[in-house]
Amino acid sequence: MTQSTIKRKVPAMLSACLLASLILPQPSYLEHSTALVANASASELPVVSPSLMSAAKKGKDKRIIVTFKKKADKTVLQKAKGKIKREHKHLPVIAATVTDTELEAMKKNPLIQSIEEDIQLKAEEQVQDWGATVSGATYAWSSGFTGQGVKVGVLDSGISLNHSDLSVAGGASFVDYTTSYDDDYGHGTTVAGVIGAKNNGIGMVGVAPDASLYALKALDSKGVGYLSDVIAGIDWAIQNQLDVLNMSLSTTVDSPALHQAVDQANAKGMLIVAAAGNNGNAQGSGDTVLYPAKYDSVIAVGSVDKENNRAAFSATGSALEVMAPGVNVYSTTLSNGYKYANGTSISSAFIAGQLSLLKQSSPGADQAALRAKLIESAKDLGTAGKDMLYGHGLVQYGWVNGNEQPADPDPTVNGDVYGSVTEDVYSVTGNVYAYAAATGPVVWWKSGDLGPTDYTSFFPDLSNAKSITVDWYDSYSTDYHTYYALYENNTVRSVKIDKDGYISREDLTFEFPNLENSKSIAVDSVQGGVSYFVLSSKDNTNSVRLLKNNSNTDVTAKFPSLVGAKAIAVKNVNYPTAQYYVLYNNNTIVTRNNSGVDNDVTIEFPNVTSQTDSIVVDRTHSGAVTYYTAVLNLLPKIQVNTVNQNVIKGTSTNLITITGTVQDADMDTLTVKASVNGVEKSAVISNARDAQPWSLTWNADTDNIPVGTYNNIRVSVTDGVWGSDSKLYKGMINVSQLPGAPTNLTAMRPNFSVASTTTPTLRWTFNDPDADDGQSAFDLYLYNSAGTAVHTTGWKSSTNTAYTVPADILQRGSTYSWKVRTKDSKGVISPMSGSNSFKVNALPVAAVTSYTEGQTLTVNTPKLTWNFSDADSQTQAAYQVWASKDNWATIGYSSGIVKGDVKEHTTKALSGGTWTFKVVTFDGLEWSQPVYRKLVIPAGAQDPASPTYNPVQTQYQYDARGNIISKQTNP
């Protein structure tokens, strides 16, 4: 078993520890001491902080901060043999390490104003959906002011550099283990989200969503850092001319170096905001504002809840300047997530955002004028005028520059939530509170006539908690309150505060009976031991088990009926006055005593509604009974299936469908939503304790989804309480129109009635109504005259709208038909084309009619004649004659291609010998097979007395298809 405990002490001895604003309000019985202040003496000697005045181990190095009266002089440290850790460009401050001996020497140096310990600081865990509206940020947005061009520094644990809702303009790291200003703790990321989370349609929106955020990392991965690192961050902010600096840090120590640093930054024109502190009390008594908020150059900010009531933890005092939202505020956290946060750290961030809006709206105003505008914008709360509890009041942008206070449109609206999307309405009638749906986990406390009071911040983080309980343990030696939370993953975490103010955090899962199938827990402590109760549900049957002194027993019978039970509570279980409580689904609470008598005690509890998930009964130190109710929520989870889709308008495949599963452990009714091209679809899913499928469907025709490609569609689920989740649909959705059937099919050259060869080129036109679309493939079918397929291509990837039939498929003189279909660039298949028929060409036939085979001529210019016939009734388009004396080893004579239908040809004068003549004819498509004639021309044959020649004519050279490729003039 592993138990992790983090302890810190809250009362008087904070002089050596600078703490980030605590989000946990202290119980009213805690005593808070006044901070230790190093008051300057009248002498010329340095002021030394009390922590350095105490006895220390000799020789052990001390981290110190030395503030000089004028300019920093590092030779003072060098002469004292100190090791300089950090110097500053704009501050007369040096951080160093020294031994006790070296420190004693420096105490006498008149150049030094003060020497103080380089104390550590820690950012405590904390928890803006309602805040942005209450603070009037939406009013500023509508006026065009979003913080654009304003540089805001977040002096904290850094800012997450990979959060989709945050954009970091720059920054620096002042811790010694990394140069990165990425947040590895989380506090700075939450503060940054409140100031400037982007307005990008996801998550949440900060007060100044277009402000430039700068991460000044002074806290490490455990939320701990040194004062010298904080001062270095302030010096960097001065050097880089930041407009606003947020410091969600507080301490009881009045540090001269820190004081001088913030004064110098303010003198340079910077607006500095700091958390007033979370060490206030419910009564609002005492001056509890902490440093640096307490310095005049810093704006001290306290916290209010949704009813504009001061949060019980918010510090009070004369230095308190303004108030801002600080209870149950939604903001960013690590791992690209979100959480609910409390504390003056959050309130300080709101004011930093507000100042960014003011800076943009009044760019010429100096820091003093902007601070005055901020105060002017505050709505007075509490006693009229500035007071110790609320300062000047709640800052709201809408009141700035002469704008009138927005009137509440409905008298039931308490507080400035005008314009809020959620319209959280709170009204008070006597001691009964009626309120709208919670927007985050909330715990209500009541004791007698006191309350209801929001006690949420006493508990561990309640995100994804399903039950709470509280236990007060009192003995002669100690007493403490422990605040428990049971989570969806069946673990239990606690916050314990003892009478001396020690706060510890522990995982106490091991203390309880088996938490599988658990719904609710309860704890009761007496001197005889601690009793741990678990309400479980299995197979729709509820039961309660008790673990005490290692004894695990079923105590279902001690409780009222558990049918329809949501939660349990106990009181005084080891006494005759024991009470066992059950909260039912019908929002009633019944208790059973040791005598088995049941009573309805719903009225004793604060704010019992249909949202109430958990109840607690406890005691105060005076013995008064206290009652708690909690509105909790287990967050829904969504999964989105990713598949690619081809959607074709005007067909049966015109539907876009996105599917997945959702799950919600507390079985809230879930709504799944997504939008394609601005058309939103939703589905309602019930009973999703186990994963349930969902489906959203769009009709591309009736929903008017334009042709295009869609992806990265965000699908969200909400549970009707405040829980939500979302995922991206990352599949590709191609919406297109159906390609038209191919047209203009042809297998023939123009003006011919048959195909040219047995390997014709088949051509078509691709048709698609999408202007930018084109063919990506085709599928062609070729049939004989009987309708039998003699050749198919299958799907052939090609943008060419032509296909040449391979050899040895078609027969001459036969008739064939073909058709084709295509795919567009998205792979959508067209309808099949119509059929196109063609006939394969029959070769023309020539027959020589002049002379007889082997005839001996008396002239040397033979005249050849022939007949032409064609089965396709085509006429002769050209002819060609060749002659050879050596069995075609060489060509002795060639007429070239002679175009026309003349069927005779006279050669030029030939030498004596035996010649073989060859004649071919052309039908416009193909050449005939050659026909031959052998003739003998005697040696020395007499030429005609008047030799004759072919008439002068132009002869054309043709290719195989009869196209002219050259011409020449022959005699």
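**Exercise 1. Work out how helix 6 passes helix 9: what is the handedness of the crossing, and what angle and axis distance go with it?**

Helix 6 (187–196) crosses helix 9 (residues 344–361) in a right-handed way; right-handed means the near helix is turned clockwise from the far one by less than a right angle, left-handed anticlockwise. Helices here are DSSP runs of H or I, at least four residues, and strands are runs of E, at least two, numbered from the N terminus. This is a predicted model, where local features need pLDDT of at least 70 and side-chain atom pairs 80 or more, while totals for chains, interfaces and linings use all residues. Residues are numbered from 1 along each chain as its sequence is written, and side-chain values use heavy atoms, leaving out hydrogens and water.

Next, the numbers: the axes lie 8 Å apart at an angle of about 40 degrees. Axes are lines fitted to C-alpha atoms over the stretch in contact, with angles from 0 to 180 degrees between N-to-C directions. The pair is therefore oblique (under 35 degrees is roughly parallel, over 145 roughly antiparallel, 65 to 115 roughly perpendicular, the rest oblique).

Now find who touches whom, with contact meaning heavy atoms within 4.5 Å. Helix 6 brings H187, T190, V191, V194 and I195, and helix 9 answers with S345, I346, A349, F350, A352 and G353.

**Exercise 2. Place S180 and list what its side chain and neighbours do.**

Start with the address: S180 sits in the loop between strand 10 (168–173) and helix 6. Its relative accessibility is 31%, so it's partly exposed (buried is under 20%, exposed over 50%, partly exposed in between, with a 1.4 Å probe and protein chains only).

Leaving out residues up to four places away in sequence, S180 touches L161, S173 and K217. K217 is 37 residues off in sequence, yet the C-alpha atoms are 8.2 Å apart. Closer to home, a polar atom of the S180 side chain lies 3.1 Å from the backbone nitrogen of D182.

**Exercise 3. Is D872 buried or exposed, and which residues does its side chain meet?**

D872 belongs to the loop between strand 60 (863–869) and strand 61 (878–884). With 13% relative accessibility, D872 counts as buried.

Its side chain makes a 3.2 Å polar contact with that of K839 (N or O atoms within 3.5 Å, one able to donate a hydrogen and the other to accept it, residues adjacent in sequence counting only if both atoms are side-chain atoms). A polar atom of the D872 side chain also lies 3.0 Å from the backbone nitrogen of A842.
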